[in-house]
Amino acid sequence: MWNPLSWVMEAAAVMAIVLANGGGEGPDWQDFVGIICLLIINSTISFIEENNAGNAAAALMARLAPKTKVLRDGQWQETDAAILVPGDIISIKLGDIIPVDARLLEGDPLKIDQASALLDSDKSQLNN
């Protein structure tokens, strides 16, 4: 309930209670209860929407998490790139995102775009 619309509705609810209807009548309880119900409904809908958006973002991040083929226990297995440890042997193919500190053991020379690692557009030619 921390947005301008909620503030206006809260002010209207307070004014419905504080100000009398005139003619000796008491506060306008029906308007107050109606405004409070609308605030609760608005807050519930906002909470559900934010929760769904958070879940969707988490699911998207999980799908976009970089995976890699790593040689462990004599077998190639696909795992999260975040759990690589020094000494792991990885298999790469065209378009893969590779760790900055990876060493080329065998294969053809690589051309690597190091822009994300160096924060510039330097391209290096690596030879085995």
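Visitor: Is D80 buried, partly exposed or exposed?
Guide: This is a predicted model, and in it D80 comes out at 32% relative accessibility. Buried would need under 20% and exposed over 50%, so D80 counts as partly exposed.

Visitor: Which side chain does D80 meet in a salt bridge?
Guide: Look across from strand β4 (residues 75–80), where D80 sits, to strand β3 (residues 67–72). The partner there is 13 residues apart from D80, and the N to O distance is 2.7 Å. Its relative accessibility is 46%, which makes it partly exposed. That partner is K67.

Visitor: How many salt bridges does the structure hold?
Guide: Side chains of opposite charge can pair when their charged atoms come close. K67 with D80 is one such pair, and R72 with D88 is another, at 2.5 Å, N to O. The count for the structure is two.

Visitor: How many residues apart in sequence are the parts that R72 and D88 tie together?
Guide: R72 lies in strand β3, while D88 is in the loop between β4 and β5 (89–91). R72 is partly exposed at 22%, and D88 is partly exposed too, with 21%. Because of where they lie, the pair ties together parts whose separation in sequence is 16 residues.

Visitor: Which residue other than glycine has a positive phi near 55°?
Guide: Most residues other than glycine have a negative phi, so a positive one is worth a look. This one has its place in the loop between β3 and β4. At 77% relative accessibility it counts as exposed. The residue is D73.

Key. Residues numbered from 1 in each chain as written. Predicted model: local features only at pLDDT ≥ 70, side-chain atom pairs only at ≥ 80, totals over all residues. Heavy atoms only, no water. Salt bridge = Lys/Arg side-chain N within 4 Å of Asp/Glu carboxyl O. Helix = DSSP H or I, 4+ residues; strand = E, 2+ residues; numbered from the N terminus. Buried < 20%, exposed > 50% of the residue type's maximum accessible area, 1.4 Å probe, protein only.
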